[in-house]
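Reader: I have the sequence and the model open side by side, and I would like to understand the terms used for it. Could you take me through them?

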Amino acid sequence: METGAGAYNPRTAEEVFRDFRGRRAGMIKALTTDVEKFYKQCDPEKENLCLYGLPDETWEVTLPAEEVPPELPEPALGINFARDGMEEKDWLALVAVHSDAWLLAVAFYFGARFGFDKDARRRLFQMINNLPTIFEVVTGSVKKQSKEKTPSSKNNKPISKTPQHQDSQTKSSKAPPPKDEEDSGEEDDEEEDDEEHGNTLCGACGDNYANDEFWICCDMCEKWFHGKCVKITPARAEHIKQYKCPACSNNKRARA
């Protein structure tokens, strides 16, 4: 089946991880930046529907595979039936949990199919485990765990001020975090900034803050996003008085 299988069969741990990462990115889009489109496609009046992530970082809501057994493990069936019986954020969190389980099932299916040995399986899991889960990205719980994570490497050193430390003026302007041109001479403070900066994750894609990237903060949920992930440019941000991320905007419409 083209929907679940994707365009190729990865045969090494690194190839399986690339497949995992692409499918994960597509599912995160469905549950964050594309949430309004995803919500509409999950009509409870339709038959059992599944959310598929594809290796090219896209997603699709469709019926499960007809062949038995299927070419790949199948995601959770009937996600559309629970849509109107739960709070939207709870429903999205539930879909996220099942999406995480499906991604792991697909990854280790490939590992079993192509005979990965113990070292290859360990390497695959370590690469997967370095990424936040879809559930953590969707619910924002990854921010709560950020202080427990290791600092990012110096090669990917963020700009001096972290999004969490931006003052109200910087946050309201939606400009990217400015570079600190003054050398304070306090190495401990710089290391602390580096660590917290590296632990800041995009609310859409789940990736870390990186140097010279434009970010924008939602004034409702206070999550930070890559401008490219939510289709906001620095020029456009200058004219936004109060920014609401796609998830918060959709929640407001749902309550109306």
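Reader: To begin, how many aromatic pairs does the count come to?

Author: Happy to help! This is a predicted model, and the count comes to seven aromatic pairs.

Reader: What makes the pair of tyrosine 52 and tryptophan 102 edge-to-face?

Author: Two values decide that. Their ring centres are 6.0 Å apart, and a pair needs centres within 6.5 Å, so the two rings count as a pair. Their planes stand at 85 degrees, and planes over 60 degrees apart count as edge-to-face, so that is the label this pair gets. The pair also links distant parts of the chain: tyrosine 52 belongs to strand β1 (residues 50–53) and tryptophan 102 to helix α4, 50 residues apart. Both tyrosine 52 and tryptophan 102 are buried.

Reader: And why is the pair of phenylalanine 110 and phenylalanine 114 called stacked?

Author: The centres of these two rings are 6.4 Å apart, within the 6.5 Å limit, so phenylalanine 110 and phenylalanine 114 form a pair. The planes are at 15 degrees, and under 30 degrees counts as stacked, so the conclusion follows.

Reader: How do you know that phenylalanine 110 is buried?

Author: Its relative accessible area is 0% and buried means under 20%, so phenylalanine 110 is buried.

Reader: Which residues form one aromatic cluster?

Author: Phe38, Tyr39, Trp59 and Trp91 form one. Tyrosine 39 has a charged neighbour too: arginine 83 lies over the face of its ring, at 4.3 Å from the ring centre.

Reader: Now to helix α5. How do you know that its span agrees with what a helix should have?

Author: Helix α5 covers residues 118–129, which is 12 residues, and at 1.5 Å a residue it should span 16 Å. The end C-alpha atoms are 16 Å apart, so the two values agree.

Reader: Which residues of α5 are buried, and what makes them line one face?

Author: The buried ones are Ala120, Leu124, Met127 and Ile128. Looking down the axis of α5, these buried residues fall within an arc of 100 degrees, so they line one face of the helix. They pack against α2 (13–31) and α4 (88–113). On the other side of α5, Lys118 and Asn129 are exposed.

Reader: What is found at the start of α5?

Author: There, a side-chain oxygen of aspartate 117 comes to within 3.3 Å of the backbone nitrogen of aspartate 119.

Reader: Why is α2 described as largely enclosed?

Author: Of the 19 residues of α2, 14 are buried, so the rest of the structure largely encloses this helix. From its first C-alpha to its last, α2 reaches 27 Å, close to the 27 Å expected at 1.5 Å a residue.

Reader: Threonine 32 caught my eye. Where is threonine 32 found, and why is it called buried?

Author: Threonine 32 is in the loop between α2 and α3 (35–41). The relative accessible area of threonine 32 is 9%, under the 20% cut-off, so it counts as buried. Its side chain reaches the backbone oxygen of isoleucine 28 at 2.5 Å. Leaving out residues up to four places away in sequence, threonine 32 touches Val138, Gly203, Ala204, Pro246 and Ala247.

Reader: What makes valine 95 buried?

Author: Valine 95, in helix α4, has a relative accessible area of 4%, and buried means under 20%, so valine 95 qualifies. Not counting residues up to four places away in sequence, valine 95 touches Leu31, Phe38, Leu51 and Ile79. Valine 95 and phenylalanine 135 are 40 residues apart in sequence, with their C-alpha atoms 8.4 Å apart in space.

Reader: Why does glutamate 57 count as partly exposed?

Author: Partly exposed lies between 20% and 50%, and glutamate 57 has 38% relative accessibility, so it falls in that class. Glutamate 57 sits in the loop between β1 and β2 (59–62), and has a positive phi of about 70 degrees although it is not a glycine.

Reader: And what makes glutamate 222 partly exposed?

Author: Its relative accessible area is 44%, between the 20% and 50% cut-offs, so glutamate 222 is partly exposed. Glutamate 222 lies in the loop between β3 (215–217) and β4 (224–226). Glutamate 222 has a positive phi of about 65 degrees, although it is not a glycine.

Key:
Residues numbered from 1 in each chain as written. Predicted model: local features only at pLDDT ≥ 70, side-chain atom pairs only at ≥ 80, totals over all residues. Heavy atoms only, no water. Helix = DSSP H or I, 4+ residues; strand = E, 2+ residues; numbered from the N terminus. Expected span 1.5 Å × (residues − 1). Buried < 20%, exposed > 50% of the residue type's maximum accessible area, 1.4 Å probe, protein only. Arc of directions from axis to C-beta. Contact = heavy atoms within 4.5 Å. Polar contact = N/O pair within 3.5 Å; in protein donor to acceptor, adjacent residues only side chain to side chain. Lys NZ or Arg CZ within 6 Å of the ring centre and 35° of its normal.
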